[in-house]
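Thanks for making the time this morning. I would like to walk through one structure with you, beginning with a pair of helices, then turning to the overall picture, and ending with a single residue.

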Amino acid sequence: MPRGTIESSNGDRYWYDEADPSAIAVLEAVRRHRAAEAAMRRRTRDDMDMGDTDLAALRWIIRMERGGRPATSAGLARALGITTAATVKVVARLVKGAYIERSRHPSDRRVLLLGTRPGAHERLRRALGPMHEAMLRLASSLDPAERAVVIGFLDGLAAIVDRAPAAEAPVGTAAPDGPPSPA
């Protein structure tokens with residue numbers, strides 16, 4: 001094994017020069033959490049018959065309702081960073097699944113209002129509520145100093161990931177804006 005390469009328990013390799021094994025263990029725990037979260041999202045998609053974007057849309061609509069603000073299709077597109085066409089498809093799937101309903105704005109017929117249907121909140125709570133309650137119990141079990149450390153660490157990870165450059169296209173594949181990269 002090359003110097004500075006540490007083999008993790010799951011066979012992946014990390015390339016950190018002379019890294020402290022306990023620091024690697026922290027990153028492995030983050031990786032396990034990310035894998036568990038991805039698996040949970042797959043189960044949610046299967047159980048509720050909705051994808052990640054659909055779930056994010058439903059959560060946004062619920063947040064808007066709870067805040068007393070109108071949920072519009074244009075606002076949903078902005079909030080999710082998706083196109084108008086993609087928004088139309090998401091809204092159609094949520095309507096078909098009986099999660100939301102569409103209505104016209106009372107004073108501006110061009111605006112499409114979105115609202116949850118009766119039972120949508122309950123279906124979402126039934127699917128995700130127990131997990132969120134367990135997560136809150138776990139977070140509550142930490143003392144304030146431990147919470148501050150966890151928050152600082154996770155916010156630091158988020159900042160690092162947010163600043164990471166986009167991956168370059170592999171050799172021989174088309175770049176997003178041009179011909180294939182040179183071999």
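**Two helix pairs and one arginine**

The crossing in which H1 passes H5 is right-handed. I should say straight away that what you are looking at is a predicted model, so please hear everything that follows as computed from that model.

Staying with this pair, helix H1, which covers residues 21-48, and helix H5, which covers residues 120-140, pack at an angle of about 155°, and their axes lie 11 Å apart. Because angles over 145 degrees count as roughly antiparallel, H1 is roughly antiparallel to H5. On the H1 side the contact is made by Met40, Thr44 and Met48, while H5 brings Arg123, Leu124, Ala127, Leu128 and Met131. Sorted by class, the residues in this contact of H1 with H5 are six nonpolar, one polar and one charged.

The second pair is helix H2, residues 52-66, with helix H3, residues 73-80, and here the packing angle is about 120°, with the axes 10 Å apart. H2 and H3 are therefore oblique to each other, and their crossing is right-handed. From H2, the residues Thr53, Ala56, Ala57 and Trp60 meet Gly75, Leu76, Ala79 and Leu80 of H3. The class count for the contact of H2 with H3 comes to six nonpolar and two polar residues, with no charged ones.

Let me now step back to the whole chain. The protein has six helices and five strands, and along the sequence these follow the pattern β-β-α-α-β-α-α-β-β-α-α. How much of the protein counts as buried? Of its 183 residues, 21% do. The protein exposes about 13,100 Å², and 57% of that area is supplied by carbon and sulfur atoms. If we take the contacts between residues at least 6 apart in sequence, 35% of them join residues at least 24 apart.

Finally, a single residue: where does arginine 104 sit? Arginine 104 belongs to strand E4, which covers residues 100-104. Its relative accessible area is 44%, so arginine 104 is partly exposed, given that this class lies between the 20% and 50% limits. Once its neighbours within four places in sequence are set aside, arginine 104 is in contact with Arg109, Arg110, Val111, Leu112 and Leu113. As for leucine 114, which is 10 residues away along the chain, its C-alpha atom and that of arginine 104 are separated by 8.8 Å.

Terms used. Residues numbered from 1 in each chain as written. Predicted model: local features only at pLDDT ≥ 70, side-chain atom pairs only at ≥ 80, totals over all residues. Heavy atoms only, no water. Helix = DSSP H or I, 4+ residues; strand = E, 2+ residues; numbered from the N terminus. Buried < 20%, exposed > 50% of the residue type's maximum accessible area, 1.4 Å probe, protein only. Contact = heavy atoms within 4.5 Å. Areas by Shrake-Rupley, 256 points an atom, 1.4 Å probe, with all protein chains shown as cover. Axes fitted to C-alpha atoms, helices over the stretch in contact; angles between N-to-C directions. Parallel < 35°, antiparallel > 145°, perpendicular 65-115°, else oblique. Left-handed = near helix turned anticlockwise from the far one by under 90°. Nonpolar A, V, L, I, M, F, W, Y, C, P; charged D, E, K, R; others polar.
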